[in-house]
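The following exercises ask for a close reading of one model, shown below. Each task is followed by a solution that proceeds step by step.

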Amino acid sequence: MNLYIAILVLAALIIAVVTDLKDQRIPNWLTFTLALAGLAFHGVTGGLDGLGFSLIGLAIGLGVMLPPYLIGVMGGGDVKLMAAVGACLGAGDTDWVERVRDLERYARSEKLDFNLIINCQIGGGTSDALFSENTLKYLDLYHGAGGRPDRYIVQSWYDYPKTIVPETRAGSMTHLVAEVIRRTKGIE
């Protein structure tokens, strides 16, 4: 991680903690400025690839924190802050598996069910086979980290998979669902 980004994120997090404790809110000027700084830094230093890296980090930070907000266990400022931190750290520095595991642990501590949407952008724009293969890699990676959601939601908002049935056809959505069930059935 770049030293300037590390200092910027640390300073923003300190300000966020102080304002959150004092006023029970994280100001928009802080989150939006941090997000824009992260996007600008990575865009200037890495061109379009750097901007993409930062945008994916922003999306991951937003995506991981949005579900707790939607169920009312987290404020909007927290969501925007993590999206901004994601923009600064980028996709490669965001350990999404551990972040999702943290959400799972939190849900369990609050006696809430934890459901996991499994799909994969990699392959989702390419083919049925790659979508299925990479979604299963995502599932295996999450299980390898100790993840044990109450329910799995297998879905795609990408172009693929185009084939839904039959279950016996590799790469079809029903084949993927059957494989998820097979892989998770005996896991406790």
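## Exercise 1. A salt bridge in helix α7

Arg183 has a relative accessibility of 27% and therefore counts as partly exposed. The model examined here and throughout is a predicted one.

**Task.** Identify the residue with which Arg183 forms a salt bridge, and establish whether that residue is buried or exposed.

**Solution.**
Step 1. The residue is Glu179, and the closest N and O atoms of the pair are 2.7 Å apart. A salt bridge requires a separation within 4 Å, so the pair qualifies.
Step 2. Both Glu179 and Arg183 belong to helix α7, which spans residues 173-184. They are four residues apart, about one turn of the helix.
Step 3. Glu179 has a relative accessibility of 15%. Buried means under 20%, so Glu179 counts as buried.

## Exercise 2. Salt bridges in helix α4

**Task.** Describe the salt bridges that Asp102 and Glu104 form with arginine side chains, and classify the accessibility of Asp102 and of Glu104.

**Solution.**
Step 1. Asp102 meets Arg105 in a salt bridge with an N to O distance of 2.6 Å. The two residues are three apart in helix α4 (residues 96-109), about one turn of the helix.
Step 2. Asp102 is partly exposed, at 38% relative accessible area. Arg105 is likewise classed as partly exposed, at 37%.
Step 3. Glu104 and Arg108 meet through their side chains in a salt bridge of 3.2 Å, N to O. Both residues lie in helix α4, four residues apart, about one turn of the helix.
Step 4. With a relative accessible area of 2%, Glu104 is buried, whereas Arg108 is partly exposed at 33%.
Step 5. Glu104 and Arg108 also belong to a network of salt bridges that includes Arg101 and Asp150. Over the whole structure, the search finds 10 salt bridges.

## Exercise 3. The largest pocket

**Task.** State how much space lies in the largest pocket, and characterise the lining of that pocket by position, by element and by residue class.

**Solution.**
Step 1. The space in the largest pocket amounts to about 1,300 Å³.
Step 2. The lining comprises 33 residues, of which Gly63, Val64, Val100, Ile117 and Tyr138 are the closest to the centre of the pocket.
Step 3. At least two lining residues come from each of α2, α4, β1 (115-118), α5 (121-124) and α6 (128-144). Helix α2 gives the most, with nine residues.
Step 4. By class, the lining of the largest pocket contains 26 nonpolar, five polar and two charged residues.

## Exercise 4. A nonpolar surface patch

**Task.** Name the residues of the nonpolar patch on the surface, and determine which element gives the most to the patch.

**Solution.**
Step 1. The patch is formed by Leu62, Leu66, Tyr69, Leu70, Ile71, Val73, Tyr106 and Leu112. Together they have about 690 Å² of accessible area.
Step 2. The element that gives the most is helix α2 (residues 28-70), with four residues.
Step 3. Leu70 is situated in helix α2. The relative accessibility of Leu70 is 61%; exposed means over 50%, so Leu70 counts as exposed.

## Exercise 5. Backbone exceptions

**Task.** Locate the cis peptide bonds that precede Pro161 and Pro166, and describe the backbone of Gln24 and Lys111 in terms of phi.

**Solution.**
Step 1. As a point of reference, most peptide bonds are trans, and most residues other than glycine have a negative phi.
Step 2. The peptide bond from Tyr160 to Pro161 is cis, with omega near 5°. Pro161 is placed in the loop between β2 (151-154) and α7.
Step 3. Val165 and Pro166 are joined by a cis peptide bond with omega about 10°. Pro166 lies in the loop between β2 and α7.
Step 4. Gln24 has a positive phi, near 60°, and is not a glycine. Its place is in the loop between α1 (3-23) and α2, and Gln24 is exposed, with a relative accessible area of 63%.
Step 5. Lys111, also not a glycine, has a positive phi of about 60°. Lys111 is found in the loop between α4 and β1 and counts as exposed at 76% relative accessibility.

Methods:
Residues numbered from 1 in each chain as written. Predicted model: local features only at pLDDT ≥ 70, side-chain atom pairs only at ≥ 80, totals over all residues. Heavy atoms only, no water. Patch = residues over 30% accessible without salt bridge, like charges linked within 9 Å, V, L, I, M, F, W, Y side chains within 5 Å. Areas by Shrake-Rupley, 256 points an atom, 1.4 Å probe, with all protein chains shown as cover. Buried < 20%, exposed > 50% of the residue type's maximum accessible area, 1.4 Å probe, protein only. 1 Å grid on protein atoms, 1.4 Å probe; cavity = no way out; pocket = protein on both sides within 12 Å on 5 of 7 lines; lining within 4 Å. Points joined across faces, edges and corners; volume = space filled by probe spheres on them. Nonpolar A, V, L, I, M, F, W, Y, C, P; charged D, E, K, R; others polar.
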